[in-house]
Amino acid sequence: MTETAKRSLRAGLRWTSLRMRLVVVFALVALVAAVSASGIAYWLNREAVLTRTQDTALDDFRRQMQETAAALPTRPTKDDLQRAAGEMASSSPGYSVLLEAERERGKPIVGYSDLDTFTRAHVPDSLQQQVARKQPLTSSNEHEYHLFWQRTSIAGTPYLVAGTRIIGGGPTGYMLKSLDQERQDLNSLAWSLGIATALALVGSALLAQAAATTVLRPVQRLGDAARKLGEGKLDTRLVVSGTDELADLSRTFNRTASSLEKKVADMSAREEASRRFVADMSHELRTPLTAITAVAEVLEDEADTLDPMIAPAVHLVVSETRRLNDLVENLMEVTRFDAGTARLVLDDVDVADQVTACIDARAWLDAVHLDAERGMMARLDPRRLDVILANLIGNALKHGGSPVGVRVRTEGEELVIEVRDHGPGIPEDVLPHVFDRFYKASASRPRSEGSGLGLSIAMENAHIHGGDISAANSPDGGAVFTLRLPRDAERIVRNDEPGAGAPGEDGAT
């Protein structure tokens, strides 16, 4: 399985994924619809089955009471009742009969069609009271006695019990009809409806999956394409088919990607042209600057013998020539970083000796206090470390004021060098920009001695080592620049070799 397929599967299985939500919604809708339909169907069928069975039994019982029980003598014997009950039960659609009369007042006699199946104890008291109650005759009620029925349960089996009385002093009759077959039929119907509901639920889930696949596959392709576009693969395009909204969205994505690719290509071309221009200009300036620098040095040596009116101009020319020479060198260094051609030349360095050599070479020994243990070794590029230290310490001396403290320590596999001054610190609105190229804290000092590239170059040299520089204000006053470098930058050089992946100048701009 490809990585894209695995990612899609994991995304589809998340509870928050659109696919999962679509399947759940389809399943819930299908479940509600199926349960509602099954419940209504079960209820309607139940009422229809029970009503049909009940009406058939009651109609037959009423007819048997009119034809058989009514033909009995006014004072029937027990045998008369027993025989009549048996006849009624034998001709009935599966129910038992109980007939009750009085031989003499207060001396009831009872006849059973099946004494083991149906006795008076099976007749609810409420039903007996209803059957025995004489109804008043009105314009809407022409009979003194009516047929009453009730559904009950005996030993867990559902039954229909009904009773009525013959008008004019005839016997009272009761019937017991088992509804067990109807219950079994209704249970079978319930199982069938339950299976149908489960199948509907499974079918809805499959339908939702199919719909989600149909709808979400283009969305997934669009997401993959957008991810590739975000990774810098600007030639990514979608295959468009159909005329629906997703097809329109894919066409819009392709147009946007094409426009973005063109704009990025134009910007890259302009940026490359700008870098080439700066590099060419810096290279072309070096030759005349070399000559001008040589002449300036001669003039500086002879400045004391020149006319006092000319000497300040000579010093100004010498100063600006050196500043211009530094600016050209910095521009050349910046173009190497931008072009990705800057490389590390590593060597085992005693960090304390390296910092001391940097300070001594620039005659800063009296203005800088060094706190470093000798013998602290690191595998770094000595020249680039010197550039970083020169820029950080020089910036502290120029803008912060002495004494400047340099502290060297290690933290695990990292080399940490802190450069702290005792000046006013860095304004909070300036802190985020101190490493930006050509940024100066005060716009009113456009002709300050610095070029605005020193800290930027220091940061680039830290990045090429795989390190970083941070700037902050000390609680005790003054600014603190913290340089962090790996003690062994060998892996950066290995990654920088052809075919070893991305070069080791992360963060270079």
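A salt bridge here is a side-chain nitrogen of Lys or Arg within 4 Å of a carboxyl oxygen of Asp or Glu. By that rule, the count for this predicted model comes to 19 salt bridges. A few of them make a good way into the structure.

Take Asp59 and Arg62, whose side chains meet in a salt bridge at 3.2 Å, N to O. Both residues sit in helix α2, three residues apart, or about one turn of the helix. A general point about helices helps here: an α-helix has 3.6 residues a turn, so residues three or four places apart point the same way. As for exposure, Asp59 counts as partly exposed because its relative accessibility is 46%. Arg62 is partly exposed too, at 37%.

Arg237 and Glu261 also form a salt bridge, and their closest N and O atoms are 2.6 Å apart. This pair links distant parts of the chain: Arg237 belongs to the loop between α5 (180-230) and α6 (245-301), while Glu261 lies in helix α6, 24 residues apart. With a relative accessibility of 32%, Arg237 counts as partly exposed, and so does Glu261, with a relative accessible area of 30%.

Then there is the salt bridge between the side chains of Glu418 and Arg409, at 2.9 Å, N to O. This one doesn't stand alone: salt bridges that share partners join Arg409, Glu411, Glu414, Glu418 and Arg484 into one network. How do Glu418 and Arg409 fall, buried or partly exposed? The dividing line is 20% relative accessible area. Glu418 has 21%, so it is partly exposed, whereas Arg409 has 18%, so it is buried.

Back in helix α2 (residues 18-67) there is another residue to look at, Thr53. Its relative accessible area is just 14%, so Thr53 is buried. Which residues does Thr53 touch, leaving aside its neighbours within four places in sequence? They are Lys177, Leu179 and Glu182. With Glu182 there is also a polar contact, side chain to side chain, at 3.1 Å.

Next come the nonpolar residues. In soluble globular proteins, nonpolar side chains tend to be buried together. The largest nonpolar core in this model has 36 residues, and those touching the most other members are Leu392, Ile393, Leu415, Ile417, Ile469, Phe481 and Leu483. At least two residues of this core come from each of α8 (351-361), β8 (377-380), α9 (382-400), β9 (404-411), β10 (414-420), α10 (454-464) and β12 (479-486). Helix α9 gives the most, with seven residues. To see what one of these core residues touches, follow Leu415: beyond its neighbours within four places in sequence, its contacts include Val351, Met376, Ala378, Leu380, Val408, Leu483 and Leu485. Leu415 is also in contact with Arg409 and Arg484, two residues that belong to the salt-bridge network described above. Apart from this core lies another one, of 23 residues, among them Ala57, Met65, Val97 and Leu147.

One of the core's suppliers, α10, deserves a closer look. Eleven of its eleven residues are buried, so α10 is largely enclosed by the rest of the structure. The buried residues include Leu455, Ile457 and Met459, but also Ser456, Glu460, Asn461 and His463. After α10 comes Gly466, which has a positive phi, near 85°.

Not every nonpolar residue is tucked away. Val24, Leu28, Leu31, Val35 and Leu201 form a nonpolar patch on the surface, with about 360 Å² of accessible area together. Helix α2 provides the largest share of the patch, four residues. Leu28 lies in that helix, and Leu28 counts as partly exposed because its relative accessibility is 49%.

Finally, a look at the backbone. Most residues other than glycine have a negative phi, and most peptide bonds are trans. Which way does phi go at Ala155, positive or negative? It is positive, about 55°, although Ala155 is not a glycine. Ala155 is found in the loop between β3 (148-154) and β4 (157-165). With a relative accessible area of 81%, Ala155 is exposed. Ala363 also has a positive phi, about 60°, without being a glycine. Its place is the loop between α8 and β7 (368-371), and Ala363 is exposed, with a relative accessible area of 67%.

Conventions: Residues numbered from 1 in each chain as written. Predicted model: local features only at pLDDT ≥ 70, side-chain atom pairs only at ≥ 80, totals over all residues. Heavy atoms only, no water. Buried < 20%, exposed > 50% of the residue type's maximum accessible area, 1.4 Å probe, protein only. Polar contact = N/O pair within 3.5 Å; in protein donor to acceptor, adjacent residues only side chain to side chain. Contact = heavy atoms within 4.5 Å. Core = buried A, V, L, I, M, F, W, Y, C linked by side-chain atoms within 4.5 Å. Patch = residues over 30% accessible without salt bridge, like charges linked within 9 Å, V, L, I, M, F, W, Y side chains within 5 Å. Areas by Shrake-Rupley, 256 points an atom, 1.4 Å probe, with all protein chains shown as cover.
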